[in-house]
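Thanks, everyone. I will go through two helix pairs and one residue, and then stop.

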Amino acid sequence: MKTYAFPGMIEEDILDIAARQIPYMRTEWFSTLMKENERMLLKAIGCRGGKVLFYTSSGTGAMEAVVTNYVACFEKAFVIDGGSFGHRWAELCDYHGIGYVDFTVPFAHGLDYSLLEESVASSGADVLLCQHHETSSGQLFDLSRISGICRRHGLRLVVDVISSFLSDHLDMDGMGIDIAVASSQKGLNIPPGAAFVFLSQAALDTDFAHGGYYFDFKTGLSNIARGQTPFSPATTIFMQLHERLERIEREGVEKLMESARAKAEYFRRLCKKHGWMIPAENPSNAMTGFFVDRNADKIFAELQKMDIYVMPSGRPGFFRVSHTGLQSREDLDELAEAISKIENF
Ligand SMILES: *Cc1c(COP(=O)(O)O)cnc(C)c1O
């Protein structure tokens, strides 16, 4: 199989970690492993003196945890609704009865930062919710500019960095992010099933709300202080996470980011060669989203017959290829050739 979804192709020895008997987790060994995971994650995202909450859920679980424990503490939120993931923040606020201002951004467009600042200034909101990389289109937003606007108008900043963490430059303290959310199967490129909430030192001063039992921050924080989670963790995913983070520590975050960037740039040259339009004004390194011209309805199924996976979308002709996993230039050449053949059949 060749997969260009999330996660992408994973190293065999990391896959093997989850193919063995499962060790018991209420032990010194697991507590140490989790404390090390926390330390390495905080270092990778540039969050000094912060804490990480570990959830056995997909990324949306961690987004909901932030809404019920943190956003619920404030009167009003401001949502940058730049696609289906931005819209998820709005849906979560609706679901939990939290008032918000919806700032809609057209598909794959960058932000109009002066318009954003005007809307934020007149919104009366206390907390801004956004994505770093809107994975439905491939568009990357400028967190330093968003953060500047938040600081000037007194808003806290919550960012879903699920699909940018480890692929695009990110520095939680430097960018003034109060809370960030990530998950296992994107930049970390390990199996889906674990999600992380990064709490900055500033966010830790909050008297958190208690909007749900399973994801409660206070319970999670008292447990992680001793390297444990309140409920059964996805033990093997946290073991794979540890191995991944040790590799990143050895090689450096910069190198991983550089590798994603090189794969993305190579694939984008192939897109250009085949005439596939990339709509994102400022694309993330994690993924390339592109439009094919013909036979769009056949591409996913024909690739699947060849045991190749790309990510389709609700938008006709629009496909997405991840760059977070193992992929050589030859792999990307073959992928582009295969798509082009189906397109021109
Ligand atoms: C993948 C992703 C999520 C999480 O989606 P799940 O379906 O819960 O895995 C959230 N936000 C962004 C930007 C994503 O790319």
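Before the first pair, a word on terms: a helix axis here is a line fitted to C-alpha atoms over the stretch in contact, and an angle is taken between N-to-C directions, from 0 to 180 degrees. Keep in mind that this is a predicted model.

The first pair is helix H2, residues 28–45, and helix H8, residues 235–251. Their axes are 9 Å apart, and the two helices pack at an angle of about 45 degrees. H2 and H8 are therefore oblique to each other. As for handedness, H2 and H8 cross in the left-handed sense.

Which residues of H2 and H8 meet? On the H2 side they are Trp 29, Phe 30, Leu 33, Met 34, Glu 36, Asn 37, Arg 39, Met 40, Leu 41 and Lys 43. On the H8 side they are Thr 235, Phe 238, Met 239, Leu 241, His 242, Leu 245, Glu 246 and Glu 249. By type, the residues of this contact between H2 and H8 are ten nonpolar, three polar and five charged.

The second pair is helix H9, residues 253–274, with helix H11, residues 329–343. Here the axes come within 10 Å and cross at roughly 30 degrees. Angles under 35 degrees count as roughly parallel, so H9 is roughly parallel to H11. The crossing of H9 and H11 is right-handed.

From H9, the contact uses Lys 263, Tyr 266, Phe 267, Arg 269, Leu 270, Lys 273 and His 274. H11 contributes Arg 329, Leu 332, Asp 333, Leu 335, Ala 336, Glu 337 and Ser 340. The contact of H9 with H11 divides into six nonpolar, two polar and six charged residues.

Now the single residue, Gln 139, which is in strand E7, residues 139–140. Is Gln 139 buried or exposed? Its relative accessibility is 2%, and the cut-off for buried is under 20%, so Gln 139 counts as buried.

What does Gln 139 touch, leaving out residues up to four places away in sequence? The list is Ala 108, His 109, Gly 110, His 132, His 133, Glu 134, Ala 280, Glu 281 and Asn 282. Two of these also have a backbone nitrogen placed by a polar atom of the Gln 139 side chain: for Glu 281 the distance is 2.8 Å, and for Asn 282 it is 3.1 Å.

One last distance: Gln 139 and Met 306 are 167 residues apart along the chain, and their C-alpha atoms are separated by 29 Å.

Terms used. Residues are numbered from 1 along each chain as its sequence is written. This is a predicted model: local features need pLDDT of at least 70, side-chain atom pairs count only at pLDDT 80 or more; totals for chains, interfaces and linings use all residues. Side-chain values use heavy atoms; hydrogens and water are left out. Helices (H or I, at least four residues) and strands (E, at least two) are DSSP runs, numbered from the N terminus. Angles under 35 degrees count as roughly parallel, over 145 as roughly antiparallel, 65 to 115 as roughly perpendicular and the rest as oblique. A crossing is left-handed if the near helix is turned anticlockwise from the far one by less than a right angle, and right-handed if clockwise. Contact means heavy atoms within 4.5 Å. Ala, Val, Leu, Ile, Met, Phe, Trp, Tyr, Cys and Pro count as nonpolar, Asp, Glu, Lys and Arg as charged, and the others, Gly among them, as polar. Buried means under 20% relative accessible area, exposed over 50%, partly exposed in between (1.4 Å probe, protein chains only). A polar contact is a pair of N or O atoms within 3.5 Å; within protein, one must be able to donate a hydrogen and the other to accept it, and residues adjacent in sequence count only if both atoms are side-chain atoms.
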